[in-house]
Amino acid sequence: MNILISNDDGVSAPGILAAKQAVEDLANVTVVAPDKNNSSIGRRITLFKHLKLDSCKLEDGSPAYSVSGSPADAVIVGADYVMDEKPDLVISGINQGVNISCDITSSGTVCAALEAVSLGIPAIAVSLFMDPKTSFKQDENGEWYVDYDFSLAKKVLHDLVLKIMDDGFPEDVDLFNLNVPSNYDSEDVMITDLADRMLEKKVIDNTDTEKEELFNYPLDENQKNDDLIMITSDLVKEYPKGSDGYALIVEKCPSLTPLSVDMTIRDLKDWRFE
């Protein structure tokens with residue numbers, strides 16, 4: 001099997017190395033990813049503009065390629081240009097953050113997988129839900145750092161790819177969206193639906209005292225906050241049972257959501273447009 005791995009956090013992000021390590025014993029792996037962070041960029045494609053493609057190395061010294069474009073660009077470049085033949089599977093991730101609910105359409109991670117499907121390649125999007133209570137730590141000098149524990153995410157991703165190699169994708173499933181909690185109560189994977197939403201969004205300005213520190217940092221040079229606004233977000237805390245959010249937040253277990261890119265509703269029952 002030939003696997004193309006990409007992401008939206010950038011080629012130097014630790015999650016892409018973790019994804020490669022998770023499956024390198026199962027397949028020939030090629031890594032092609034954006035040269036910098038492209039989170040929440042959706043499925044943007046750079047058409048008829050020049051992109052820079054560079055060879056580089058991951059932290060373990062293994063070869064990779066960086067693209068001066070979006071996650072979707074990286075998948076196209078990897079599948080159609082870097083690799084000698086079209087990959088059998090695309091893995092997008094491991095994203096450093098959660099990607100659940102109908103909000104996945106803004107996710108660069110999931111949309112890289114969607115781009116793969118449009119090229120006729122089945123895909124997996126995988127994300128690590130980092131619990132702020134356990135993932136953000138301080139060293140002996142009081143400096144904060146992020147503890148990326150990819151161990152369970154790597155295990156589940158490895159087992160999922162192994163199952164796909166043995167059994168293929170289920171009928172009508174184009175891609176899997178896998179989310180794994182860093183602070184988990186169970187390693188058992190729950191097959192889930194998409195929740196309605198992941199984020200509570202709010203627009204603030206310089207009159208918002210509650211988020212004043214967030215709004216004022218950082219400002220660009222010569223930029224004043226008098227005429228600025230900002231879209232902020234908070235993670236939704238309650239999710240319906242059986243949803244991806246419920247698995248992660250309530251059950252604290254990995255969530256696997258099977259998806260189809262065909263969003264057509266074919267049975268309108270008694271609804272008519274005349």
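In these legends Ala, Val, Leu, Ile, Met, Phe, Trp, Tyr, Cys and Pro count as nonpolar, Asp, Glu, Lys and Arg as charged, and the others, Gly among them, as polar. The structure shown is a predicted model.

**View 1. The largest pocket and its lining.** This pocket has a volume of about 820 Å³, and its lining divides into 13 nonpolar, 12 polar and eight charged residues. Of the 33 lining residues, those nearest the centre are G97, V98, M198, L199 and L235. Two or more residues each are given to the lining by β5, β6, β11 (199–204), β12 (230–235) and α7 (244–251), with β12 giving the most, three residues.

**View 2. Strand β6 and its two covered faces.** Seven of the seven residues of β6 (residues 123–129) are buried; A123, A125, S127 and F129 lie on one side of the strand, while I124, V126 and L128 lie on the other.

**View 3. The strands that pair with β6.** Strand β5 (residues 89–96) pairs with β6 in the parallel sense over five bridges, and Q96 stands opposite L128. Between these two strands the chain passes through helix α3 (residues 108–118), in a β-α-β crossover that is right-handed. Strand β9 (residues 175–181) also pairs with β6 in the parallel sense, over seven bridges, and within β9 the bridge partner of F129 is P181.

**View 4. The second largest pocket.** About 320 Å³ of space lies in this pocket, which is lined by 16 residues, with T105, L114, S260, V261 and M263 the closest to its centre. Helix α3 supplies the largest share of the lining, five residues, and by class the lining has 11 nonpolar, three polar and two charged residues.

Definitions and conventions:
Residues are numbered from 1 along each chain as its sequence is written. This is a predicted model: local features need pLDDT of at least 70, side-chain atom pairs count only at pLDDT 80 or more; totals for chains, interfaces and linings use all residues. Side-chain values use heavy atoms; hydrogens and water are left out. Buried means under 20% relative accessible area, exposed over 50%, partly exposed in between (1.4 Å probe, protein chains only). Helices (H or I, at least four residues) and strands (E, at least two) are DSSP runs, numbered from the N terminus. Two strands pair if DSSP finds at least two bridges between them. A crossover is right-handed if, with the strands pointing away from the viewer, the path from the first strand over the helix to the second runs clockwise. On a 1 Å grid over the protein atoms alone, a cavity is a set of points where a 1.4 Å probe fits but cannot get out, and a pocket is an open set with protein on both sides within 12 Å along at least five of seven lines; lining residues have an atom within 4 Å of a point. Grid points are joined across faces, edges and corners, and a volume is the space filled by probe spheres set on the points.
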